[in-house]
Amino acid sequence: MSSPDPQVRAARNHSARSAARGPVVAVTGAATGVGDLLTRRLAESDEIKQVIAIDERRGEVSEAQWHILDVRDPAIAEKLRGADVVVHLAVDLDLETDPAARTAYNVRGTQTVLTAAAAAGVHRVVLCTSTMVYGALPDNDIPLSEDAELRATAEATGVGDLLEIERLGRRAPRAHPGLNVTVVRPAVLIGGTDTALTRYFESPRLLVVAGSRPTWQFCHVDDLVSALEYAALEKVDGEFAVGCEGWLEQEEVEELSGIRRMELPSAVALGAAARLHRIGLTPSPAGDLAYTMHPWVVSVGRLHDAGWRPQWTNEEVLAALLEEVQGRHTVAGRRLGRKDATAAGAAGATVALLGTAALVRQMRKRRGL
């Protein structure tokens, strides 16, 4: 007997999902990145009744019901009617985005989604931030409890936005009784991402600040997506971290990566980073350095209690990251083209990190200053 026509088979699968008694889940930022991956996963799940996908452009998941609009548009409330859960992933953490515009988008978008969800009768909103909100501090426990105080400041890229998103999330149930908020905090996210922490591994040398004790805990995007699915299915709630088991010390990272360190005094490293960022030569503020200096690994006990386990180890994620960034060249957080990288080399990295006048003059000349 011949197999059914693909369209017939797709229709049967859709009917089976429609008959499921699971939730209707809306995903913002559904066309790209983590949002796209989650939309695909939910659309294929027999535990999900329907997926509502929201973005400023249409994505490629044909099984989802698409709505094309900006998450800051109050009209989103009408698009969320009928949804049980909203997973809000329309958050901009791009290093190259103007910081003021990025904050305005992230805060207004989250405010609008939370208010619209309550107005539409949604009973749960899932927010995704980062374990960076705990802060990287020399006296942090290793690992931190998921209930640890959030001691981060707004000095690192996007962290101020994430702290504000979490504040809005805590306030929402008080302003809108009946609305529950779940917060998912991934560790250093790897897999199609571009952050100050992934660019750290694009440098010819790994900067180590003298006297610091870096520790590394990664989260592969596949594990984040499965954790978000757990949250969407309400298998876990509250505030929880997601990442690999345990952590890697800096020496282990250097051995596994084969990239040698360059050790600098704290005042030199922080001062150079602040100067280079202030004159616009690097996208990363000096606050980003703290996350390569001090521990900020977190227990993932709540997900474990819910039956979730990561599919990736820290060693495997680091290997995947190194493969992904192969051929990219970053100096002091600034990504260089191949020609620039050839000219700069490892010596150029040292010069940049020290903030010497030679590199500053070179960059200013290129920019016509």
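Good morning. The chain exposes about 16800 Å², and carbon and sulfur atoms supply 50% of that area. Please keep in mind throughout that this is a predicted model. Of the 369 residues in the chain, 51% are buried. The secondary structure amounts to 13 helices and 15 strands. As for the contacts between residues at least 6 apart in sequence, 77% of them join residues at least 24 apart.

Let me turn to the sheet. Seven strands form an open sheet with parallel pairing, and their order is E3-E2-E1-E4-E5-E6-E11. Its edges are strand E3, residues 65-68, and strand E11, residues 239-242, each of which pairs on one side only. From one strand to the next, the twist averages 20 degrees.

Two helices deserve mention here. Helix H2, residues 33-43, packs on the sheet and touches strand E1 (24-28), strand E2 (50-55) and strand E4 (85-88). The direction of H2 makes about 165 degrees with that of E1. Helix H5, formed by residues 159-175, lies across E5, E6 and E11. Relative to E6, helix H5 runs at about 155 degrees.

Within the sheet, I would single out one pair of strands. Strand E5, residues 124-128, and strand E6, residues 180-186, run parallel and are joined by 5 bridges. In this pairing, Val 126 stands opposite Thr 182 in E6.

That brings me to the cysteines. How many disulfides does the chain contain? The count comes to 0. As a reminder, a disulfide is a covalent bond between the sulfur atoms of two cysteines. The cut-off applied to a pair of cysteine sulfur atoms is within 2.5 Å.

Why does Cys 128 form no such bond? The closest cysteine sulfur to that of Cys 128 belongs to Cys 219 and is 8.4 Å away, which is too far for a bond. Cys 128 has 14% relative accessibility and therefore counts as buried, since the limit for that class is under 20%.

And what of Cys 219 itself? For the sulfur of Cys 219, the closest cysteine sulfur is in Cys 244, at 6.7 Å, again too far for a bond. Cys 219 is likewise buried, its relative accessible area being 1%.

To close, I would leave you with two points. The open sheet has 7 strands with parallel pairing, with H2 packing on the sheet and H5 lying across E5, E6 and E11. The disulfide count is 0, and both Cys 128 and Cys 219 are buried. Thank you.

Conventions: Residues are numbered from 1 along each chain as its sequence is written. This is a predicted model: local features need pLDDT of at least 70, side-chain atom pairs count only at pLDDT 80 or more; totals for chains, interfaces and linings use all residues. Side-chain values use heavy atoms; hydrogens and water are left out. Buried means under 20% relative accessible area, exposed over 50%, partly exposed in between (1.4 Å probe, protein chains only). Helices (H or I, at least four residues) and strands (E, at least two) are DSSP runs, numbered from the N terminus. Contact means heavy atoms within 4.5 Å. Accessible areas come from the Shrake-Rupley method with a 1.4 Å probe; for residues, only the protein chains shown count as cover. Two strands pair if DSSP finds at least two bridges between them. Axes are lines fitted to C-alpha atoms, for helices over the stretch in contact, and angles run from 0 to 180 degrees between N-to-C directions.
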